[in-house]
Amino acid sequence: MSTITITDAAQDYLGDLLNKQNTPGIGIRVFITQPGTQYAETCIAYCKPGEEKPDDTPIGLASFTAWIDAISEPFLADALVDYATDRMGGQLTIKAPNAKVPMVNEDSPIDERINYYLQTEINPGLASHGGQVSLIEVVEDGVAVLQFGGGCQGCGQADVTLKEGIERTLLERIPQLKGVRDVTDHSQRENAYY
């Protein structure tokens, strides 16, 4: 069960908003964009029947269901959704103290840690150029084999980006890693597939 708390005041306020949607069975969905990074944003959205994801966790509240996004759930530990009224009216507040806390550590498997840093630090930077990079495998000698996609494919700067940016970042974060290599680089392989 998720440890998110939605106060009675917040439930009343959200229930009232949901009633105005004239959609039987409508609920809310709670999720975090870019969880575990300094860019994390906690969001609440309307969730019509059928819009929830298969791995969401449902929380049955008095007048509606709150669906908790599976990927966001660990980052929503100790989160509080409240509705506070003051002279100016009222405001829904969401406090999620763990939203920006990385959920990988030194004991996490090396591929999980590589994927975490690719998602949280490297791909957000590449996205501005329409590019992205993904992990294919970690080979025996501790080298991460990466694949460039999107705008990075065929870009003349991809090799520079790989060595100067991506490799430097990953080696700083994951000391056990020995290096990175583009999936199309077969110079290191004696038994290349192609």
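Student: Which residues does Ile 166 touch, not counting residues up to four places away in sequence?
Tutor: This is a predicted model, in which local features need pLDDT of at least 70 and side-chain atom pairs count only at pLDDT 80 or more, while totals for chains, interfaces and linings use all residues. Residues are numbered from 1 along each chain as its sequence is written, and side-chain values use heavy atoms, with hydrogens and water left out. Ile 166 has its place in helix 3, where helices (H or I, at least four residues) and strands (E, at least two) are DSSP runs numbered from the N terminus. If contact is taken as heavy atoms within 4.5 Å, the residues that Ile 166 touches are Ile 122, Leu 126, Val 133, Leu 146, Phe 148 and Thr 161.

Student: Does Ile 166 count as buried or exposed?
Tutor: The terms rest on relative accessible area, with buried under 20%, exposed over 50% and partly exposed in between (1.4 Å probe, protein chains only). Since Ile 166 has a relative accessibility of 2%, it counts as buried.

Student: What distance separates the C-alpha atoms of Ile 166 and Asn 123?
Tutor: Asn 123 is one of the buried residues of helix 2, while Ile 166 is in helix 3. Along the chain the two residues are 43 residues apart, and their C-alpha atoms are separated by 9.5 Å.

Student: What span should helix 2 have at 1.5 Å a residue, and how far apart are its end C-alpha atoms?
Tutor: The expected span of a helix is 1.5 Å times one less than its number of residues. Helix 2 covers residues 110-127, which is 18 residues, so its expected span is 26 Å, and this agrees with end C-alpha atoms that are apart by 24 Å.

Student: Where is the kink in helix 2 centred?
Tutor: The bend at a residue is the angle between axes fitted to the seven residues ending there and the seven starting there. In helix 2 there is a kink of about 40°, and its centre is Leu 118.

Student: Which elements are included in what covers the buried residues of helix 2?
Tutor: The buried residues of helix 2 include Arg 113, Ile 114, Tyr 117 and Leu 118. Among the elements that cover the buried residues are strand 8 (131-139), strand 9 (143-150) and helix 3 (158-173).

Student: How many residues are in the largest nonpolar core, and how many in the second, separate core?
Tutor: A nonpolar core is a set of buried Ala, Val, Leu, Ile, Met, Phe, Trp, Tyr and Cys residues joined through side-chain atoms within 4.5 Å. The largest core has 21 residues, and those with the most contacts inside it are Ile 4, Ile 6, Ile 28 and Leu 76. Helix 1, strand 2 and strand 5 each supply at least two residues of this core. The second, separate core includes Tyr 116, Leu 126, Val 133 and Cys 152, so the two numbers asked for are 21 and 19.

Student: Which residue pairs with Asp 69 in a salt bridge of 3.0 Å?
Tutor: A salt bridge is a side-chain nitrogen of Lys or Arg within 4 Å of a carboxyl oxygen of Asp or Glu, and a search of the whole structure finds five of them. The side chains of Asp 69 and Arg 29 meet in such a bridge, at 3.0 Å from N to O. Asp 69 lies in the loop between strand 5 and strand 6 and its partner in strand 2, so the pair ties together parts that are 40 residues apart in sequence. Asp 69 is buried at 13% relative accessible area, and at 10% so is its partner, Arg 29.

Student: How far apart along the chain are Glu 121 and Arg 173?
Tutor: The side chains of Glu 121 and Arg 173 meet in a salt bridge of 2.6 Å, N to O. The pair links distant parts of the chain, with Glu 121 in helix 2 and Arg 173 in helix 3, and their separation is 52 residues.

Student: Near what value is phi of Asn 22?
Tutor: Asn 22 is found in the loop between helix 1 (8-19) and strand 2 (27-33), and with a relative accessible area of 70% it is exposed. Its phi is positive in a residue other than glycine, and the value is near 50°.
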